[in-house]
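Subject: Structure for your examination

Dear colleague,

Please find below the structure that I would like to hand over to you. I should be grateful if you would read the notes after it with the coordinates open.

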Amino acid sequence: MKSNYKPLGKYIRLVDERNNALEDLPLMGLSVSKNFFPTIANLVGTDMKTYKIVYRNQFTYIADTSRRGDKIAISLNDKFDKMLVSQAYTPFEVKDTNELDPEYLMMWFRRPEFDRYARFKSHGSAREIFDWEEMCNTVLPIPAITKQREIVKEYNVIQNRIALNQQLIQKLEETAQAIYKRWYLEGIDLENLPKGWKVEKLKNLCEKIGSGSTPTGGKESYFTTGITFIRSTNVFDYNFKFEDLAFISNEQADKLKNVEVKENDILINITGVSVARCCMVPRNVLPARVNQHVMIVRPINKLKMSFYLLLNLCSTESKNAMMGISQSGSTREAITKSEIEDFEIVVPDARILEKFESQMQKLFSFKDMKSLENQKLTEMKDLHLSNLATIE
């Protein structure tokens with residue numbers, strides 16, 4: 001072990017302050033993505049005195065790792081002066097922040113290597129626990145506090161840039177939605193459409209509607225590079241998520257040639273809790289294929305309506321209609337190919353549509369640029385976390 005690696009127990013201690021005064025504080029849950037979130041638990045009849053108070057710069061973790069895949073739920077309270085967490089959670093704090101910076105420690109907890117370590121060290125028969133003793137036995141590099149703060153500052157610069165870009169991306173999406181509503185929803189009577197407008201089924205507007213399949217072997221057959229393999233976890237409304245992106249070989253891709261993704265294709269999730277989410281494929285993930293949970297919707301090229309179709313399918317009206325279709329089955333939430341093909345949308349006059357597409361092209365190009373920038377920044381952030389193990 002390197003000389004600067006120290007047992008964590010030297011620097012942390014348990015805290016257990018209960019809400020005896022019944023303070024009205026934010027009640028938070030804890031996710032494996034290392035974030036607190038407002039709890040949705042039913043609190044009727046609950047004795048709130050048993051809940052634990054967590055102060056700013058204190059940590060909380062869930063010792064049970066057996067039900068959370070390969071991750072451990074742990075986070076730092078950096079948003080509230082005080083908040084409440086479940087009595088089942090384990091809060092703790094750094095003894096001396098002039099020896100160990102809490103944000104530096106949280107960076108270490110965000111490393112996938114720590115998730116794997118915590119899972120490996122968990123034990124128990126009915127459920128596996130990463131107990132307090134194992135937490136204290138964890139060793140990590142503890143450089144000088146000035147070095148820790150320098151590392152945190154560099155990391156936060158990246159985090160803040162990502163957050164600013166995300167705010168801008170959200171604003172661009174809201175702008176696109178506002179333009180769509182103003183042009184195509186306000187004052188439009190479906191029973192008396194303007195001249196040149198019509199209602200059409202998607203199959204009459206598209207040259208491709210189809211989903212793919214998963215290569216034999218499932219996740220075990222994926223690669224770290226190669227042809228992009230798009231799954232429902234990548235498809236969100238208006239946004240393509242690059243996290244946990246999978247790749248397949250050229251040979252695997254050849255077997256899915258009929259579901260090759262092309263520029264300006266619309267992707268729709270067609271099964272599960274994410275059903276009806278849709279986005280446009282980003283150019284920088286091509287070449288790509290999709291699995292059986294994602295539907296490719298490709299408008300006829302001469303119609304020039306990809307952005308209109310995206311905004312339409314993401315609109316509240318279309319979303320509610322698709323959700324209604326997906327919930328009509330008896331076994332699970334799903335939308336079939338034939339249901340997508342028969343889905344009806346309003347098609348505006350060609351001249352208005354051309355003007356709209358031109359505006360959206362500029363807006364979404366800028367949005368995609370910021371999304372790509374965030375992808376690169378996230379890679380830098382991950383590299384920053386990876387380099388923690390090499391600190392002297």
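The notes that follow go from the whole chain to its helices, a pocket and a number of individual residues.

Overall picture

Please bear in mind that this is a predicted model. The protein chain contains nine helices and 21 strands. Its C-alpha trace spans about 75 × 55 × 40 Å along the principal axes. Of its 392 residues, 46% count as buried.

Two helices

Helix H9 covers residues 350-386, 37 residues in total. From its first C-alpha to its last, H9 reaches 52 Å, which is close to the 54 Å expected at 1.5 Å a residue. The N-terminal end of H9 is capped by Asp 349, which places a side-chain oxygen 3.0 Å from the backbone nitrogen of Arg 351.

Helix H2, residues 112-121, has Phe 114, Asp 115 and Ala 118 as its buried residues. Seen down the axis of H2, these buried residues fall within an arc of 105 degrees, and therefore they line one face of the helix. The face of H2 turned away from that buried side carries Arg 116 and Phe 120, both of them exposed.

The second largest pocket

The second largest pocket has a volume of about 340 Å³. Its lining is made up of 16 residues, and those nearest the centre of the pocket are Leu 190, Asn 312, Glu 317, Ile 345 and Val 346. At least two lining residues come from each of four elements: helix H4 (145-184), helix H6 (306-314), helix H7 (316-326) and strand E21 (344-347). Sorted by class, the lining has eleven nonpolar, three polar and two charged residues.

Helix H7 also holds Met 323. Met 323 has a relative accessible area of 23% and is partly exposed, because the range for that class begins where the buried class, under 20%, ends. The C-alpha atom of Met 323 is separated by 7.3 Å from that of Val 275, although the two residues are 48 apart along the chain.

Backbone geometry in the loops

As a general point, most residues other than glycine have a negative phi, and most peptide bonds are trans. Three places in the loops deserve your attention in this respect.

The first concerns Lys 34, in the loop between strand E4 (28-30) and strand E5 (36-38). Lys 34 is not a glycine, yet its phi is positive, at about 70 degrees. With a relative accessibility of 4%, Lys 34 counts as buried.

The second is Asn 57, which lies in the loop between E6 and E7. Asn 57 likewise has a positive phi of about 70 degrees without being a glycine. Its relative accessibility is 37%, and Asn 57 therefore counts as partly exposed.

The third is a cis peptide bond between Leu 286 and Pro 287, with omega about 0 degrees. Pro 287 belongs to the loop between strand E18 (278-280) and strand E19 (288-290).

Buried side chains in the loops

Gln 58 is placed in the loop between strand E6 (52-55) and strand E7 (59-61). Its relative accessible area is 8%, so Gln 58 is buried. A polar atom of the Gln 58 side chain lies 2.8 Å from the backbone nitrogen of Tyr 55.

Asn 291 occupies the loop between E19 and strand E20 (294-299). At 4% relative accessibility, Asn 291 counts as buried. Its side chain reaches the backbone nitrogen of His 293 at 3.0 Å.

Tyr 222 sits in the loop between strand E13 (206-211) and strand E14 (227-230). The relative accessible area of Tyr 222 is 18%; Tyr 222 is therefore buried, since the class takes in values under 20%. Along the chain, Tyr 222 and Ala 246 are 24 residues apart, and their C-alpha atoms are separated by 6.2 Å.

With kind regards

Terms used: Residues numbered from 1 in each chain as written. Predicted model: local features only at pLDDT ≥ 70, side-chain atom pairs only at ≥ 80, totals over all residues. Heavy atoms only, no water. Expected span 1.5 Å × (residues − 1). Polar contact = N/O pair within 3.5 Å; in protein donor to acceptor, adjacent residues only side chain to side chain. 1 Å grid on protein atoms, 1.4 Å probe; cavity = no way out; pocket = protein on both sides within 12 Å on 5 of 7 lines; lining within 4 Å. Points joined across faces, edges and corners; volume = space filled by probe spheres on them. Nonpolar A, V, L, I, M, F, W, Y, C, P; charged D, E, K, R; others polar. Buried < 20%, exposed > 50% of the residue type's maximum accessible area, 1.4 Å probe, protein only. Arc of directions from axis to C-beta.
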